[in-house]
Amino acid sequence: MPMNSIPAPLFRDPIYDGASDPVMIWNRMEKCWWLIYTQRRATEVAVGVSNVFGSALGVASSFDGQYWTYRGTIPGLDLDPGHNTFWAPEVVWLQGQYHMYVTYIQGIQFDWDHGYQPSKLAHFVSDDLWHWEFESFSEVSKRPVIDACVHEIALGQFKMWFKEDNNTYAAISHDLCHWTPVGCEVSDVQHEGPNVFTLGGKNWMITDMWKGLAVYSTQDFTHWTRQPENILDQPGTRPGDQLVGHHADVLVNNGRAYIIYFTHEAEGSWLTRLQAAELLVEDGKLVCHRDRPQNWDLVPET
């Protein structure tokens, strides 16, 4: 597939204009790229922050990463009657299936303090990304948790990182269903949205500290060292990219890494856009030159 420029913004949700918390993955059935994201109801009248709750999982697809088609929302996920909340999907292809770990909250809440209290991580499996079967709630903590990230750290050994009490905690699994909590791993600054990946011979974690993204590296996927420089912490110049980046996914493809993140339209606005840019390792540090012309050379995955 030839190299293509990355549009800015990458995608806007045409229903509520509140695309956030994205994950980008190759759909092996449809032979195209998918964005699955939190579809915040940004254009609806809110009582408190009720428009952030009640969100479905939006879907957009593209054959080249340039032109995206809104496909609707993933059906059949509700685990309770009524209007429920889905946030921050993590979708990975593991052991011959798609696995999704998504924050699930019963109903619609009105404020942040009470809104997190019933949050759980729901585990679904699928063969085609459209039809999902509920497996279980991931019992990684007795307290409310959100923002799961899953990475295979050794053959047959998987680790999940997630937000608990504004820090990153972790759990280990050998079957993707049963998890053993291993405690807090990153707590130097309050944050959410951990994402773990490997690039340039190093293992990395990024987190959203609401003033840009903090960057950490590790040799053992347990002990993390923070680099002094953050990324996406300064306003960009591309269309729709004028504020700091938030809650990002990282797609490692064909030896290159691309960060897919969201930005707000303006300070205080709920309207959000998805953006993408390449990540590089320079002098041993993870960097993102978001204002440079951005291209990607996406290779279909098998």
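Author: Welcome! Buried means under 20% relative accessible area, exposed over 50%, and partly exposed lies in between. Keep in mind that this is a predicted model.

Reader: Thanks! Is Cys177 buried, exposed or partly exposed?

Author: Cys177 has a relative accessible area of 24%, so Cys177 is partly exposed. Cys149, at 1% relative accessibility, counts as buried.

Reader: How many disulfides does the structure hold?

Author: For a disulfide, look for a pair of cysteine sulfur atoms within 2.5 Å. Here the structure holds zero disulfides. For Cys149, the nearest cysteine sulfur belongs to Cys184 and is 15 Å away. For Cys177, the nearest is that of Cys149, 17 Å away.

Reader: And how many salt bridges are there?

Author: The general test is a side-chain nitrogen of Lys or Arg within 4 Å of a carboxyl oxygen of Asp or Glu. This structure holds 13 salt bridges. One of them joins Asp17 and Arg273, at 3.2 Å from N to O. The two are 256 residues apart, with Asp17 in the loop between strand 1 and strand 2 and Arg273 in strand 20. Asp17 counts as buried at 10% relative accessibility, and Arg273 counts as buried at 6%.

Reader: Which residues are linked with Arg273 in a network of salt bridges?

Author: The network links Arg273 with Arg12, Asp17 and Glu265. Between Glu265 and Arg273, the closest N and O atoms are 3.0 Å apart. Glu265 is partly exposed, at 41% relative accessible area.

Conventions: Residues numbered from 1 in each chain as written. Predicted model: local features only at pLDDT ≥ 70, side-chain atom pairs only at ≥ 80, totals over all residues. Heavy atoms only, no water. Buried < 20%, exposed > 50% of the residue type's maximum accessible area, 1.4 Å probe, protein only. Helix = DSSP H or I, 4+ residues; strand = E, 2+ residues; numbered from the N terminus.
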